[in-house]
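Dear colleague,

I am passing on the structure we spoke about, so that you can look at it alongside the notes that follow. Please read them with the coordinates open.

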Amino acid sequence: MKCRAAVIHGVGQDWSIEEIEVDPPKTGEVLVKWANAGMCHSDEHLLTGDFVPLPETMEAMGIDSIFPMIGGHEGAGVIAEVGPGVASVAVGDHVSASFVPSCGSCRYCVTGRQNLCDTSGGTFLPGMITDGTSRHRGSCGELKLIAKLGTFSEYSCVAESQVIKVDADLPLAAVSLVSCGVATGWGSATNRGNVRPGDTVVVVGIGGIGINAVQGAAMAGAKRVVAVDPVEFKREQAMEFGATDTFASMEEAFPAVTEMTMGQMAEVVIMTPGVLYGDLMNLGTKLAGKGGTIVATAVAPLSQTSADINLSEITLWNKEIKGTVFGSLNPRFDIPNLLSMYRAGTLKLDELVTNTYSLDDINVGYQAMRDGENIRGVITHAA
């Protein structure tokens with residue numbers, strides 16, 4: 001079938017809206033008609049090059065380039081067709097995308113770590129998870145899909161393991177958000193950061209992930225949730241999602257956190273800036289007190305191999321630095337669980353959406369993100 005998609009052809013290039021062709025699903029695959037796609041910063045990293053592997057890495061992967069690529073890894077839609085052997089969803093089911101597939105049988109899935117599923121590798125490689133062959137073509141030939149999802153397309157063919165059935169009465173725009181940004185931020189606080197009642201938590205960077213780290217920390221019972229961002233609009237929004245204090249920079253926050261904790265500093269620091277450069281870790285780690293946890297959530301440039309960290313401080317103050325993907329949650333449990341909290345009115349999702357855009361206005365939406373005007377933009381595909 002033919003449809004339209006936002007495709008990126010190289011670093012520094014805008015998204016191009018193009019007609020593409022999508023093949024029917026094969027064994028273990030489904031065709032999804034996407035209704036909404038979240039405009040996550042991770043897709044922006046393709047444009048800036050932060051998410052582009054080094055030439056030697058691509059050589060080892062057996063590819064010359066990751067482009068051209070259909071963007072979009074946050075999304076929600078309706079199953080349009082199923083291939084042979086598909087059992088968990090049927091035509092007409094409403095689904096959330098899951099940029100982390102969960103096969104259910106690898107060592108990580110069977111030990112409760114679905115976010116590390118072995119089938120989640122190969123996000124930049126061509127072809128399907130199922131058999132390595134392509135289902136998506138444009139005028140320039142075969143197209144790759146970021147995270148094997150491509151929610152910036154009106155339709156895409158994905159593995160069954162990448163979609164999770166959700167209640168049909170839930171707004172699909174809200175569902176699209178829990179497929180990455182909400183889960184990643186919320187889980188960074190509640191799961192990977194293990195925020196406890198009475199804790200002081202510092203969240204550095206209040207975008208689509210950071211705002212949900214704020215929300216998660218507040219829901220976990222933190223006494224203080226300190227939001228750090230240079231954009232006043234984002235600091236104001238953080239207060240609506242549970243922040244108790246806001247500051248424009250870590251330099252500004254440091255003496256205030258020292259005073260409010262009587263020198264004990266924060267139990268948890270969550271690093272969610274737009275790009276996690278190594279020099280940001282200096283004050284990021286210092287904001288955490290003895291026994292504190294620093295959660296590195298944001299994407300760092302793939303070429304970055306160093307960070308400004310005082311290792312003696314990490315050792316002598318018994319601190320720990322943790323990475324996380326998908327907030328270290330399990331998508332098949334936690335996506336429905338987050339949506340149940342949204343239904344109950346305890347998790348804010350609708351309030352996250354600053355603006356919605358048509359597919360044709362995707363570049364306008366990403367410029368608004370760069371300008372600090374959006375907490376989260378959402379693409380609404382044509383009906």
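Which residues line the second largest cavity? In this predicted model, the lining of that cavity is made up of Leu177, Gly181, Val182, Gly208, Ile211, Asn212, Leu352, Ile375 and Arg376, and the space inside comes to about 40 Å³. Helix H5 (181–192) and helix H6 (210–219) each contribute at least two residues to this lining, which by class consists of five nonpolar, three polar and one charged.

Two cavities of 30 Å³ or more are present in the structure, and the largest of them holds about 70 Å³ of space. Around the largest cavity you will find Leu125, Pro126, Gly127 and Met128, then Thr133, Ser134, Arg135 and His136, and finally Leu143, Lys144, Leu145 and Lys148; sorted by class, this lining comprises five nonpolar, four polar and three charged residues.

Turning to the pockets, the second largest pocket encloses about 260 Å³, and among the 17 residues that line this pocket, Ala266, Glu267, Lys290, Gly291 and Gly292 are the closest to its centre. Strand S15 (266–271) and strand S16 (288–296) are the elements that give two or more residues to the lining of this pocket, with S16 providing the largest share, five residues. The classes represented in the lining of the second largest pocket are four nonpolar, eight polar and five charged residues.

With best wishes

Technical notes
Residues are numbered from 1 along each chain as its sequence is written. This is a predicted model: local features need pLDDT of at least 70, side-chain atom pairs count only at pLDDT 80 or more; totals for chains, interfaces and linings use all residues. Side-chain values use heavy atoms; hydrogens and water are left out. On a 1 Å grid over the protein atoms alone, a cavity is a set of points where a 1.4 Å probe fits but cannot get out, and a pocket is an open set with protein on both sides within 12 Å along at least five of seven lines; lining residues have an atom within 4 Å of a point. Grid points are joined across faces, edges and corners, and a volume is the space filled by probe spheres set on the points. Ala, Val, Leu, Ile, Met, Phe, Trp, Tyr, Cys and Pro count as nonpolar, Asp, Glu, Lys and Arg as charged, and the others, Gly among them, as polar. Helices (H or I, at least four residues) and strands (E, at least two) are DSSP runs, numbered from the N terminus.
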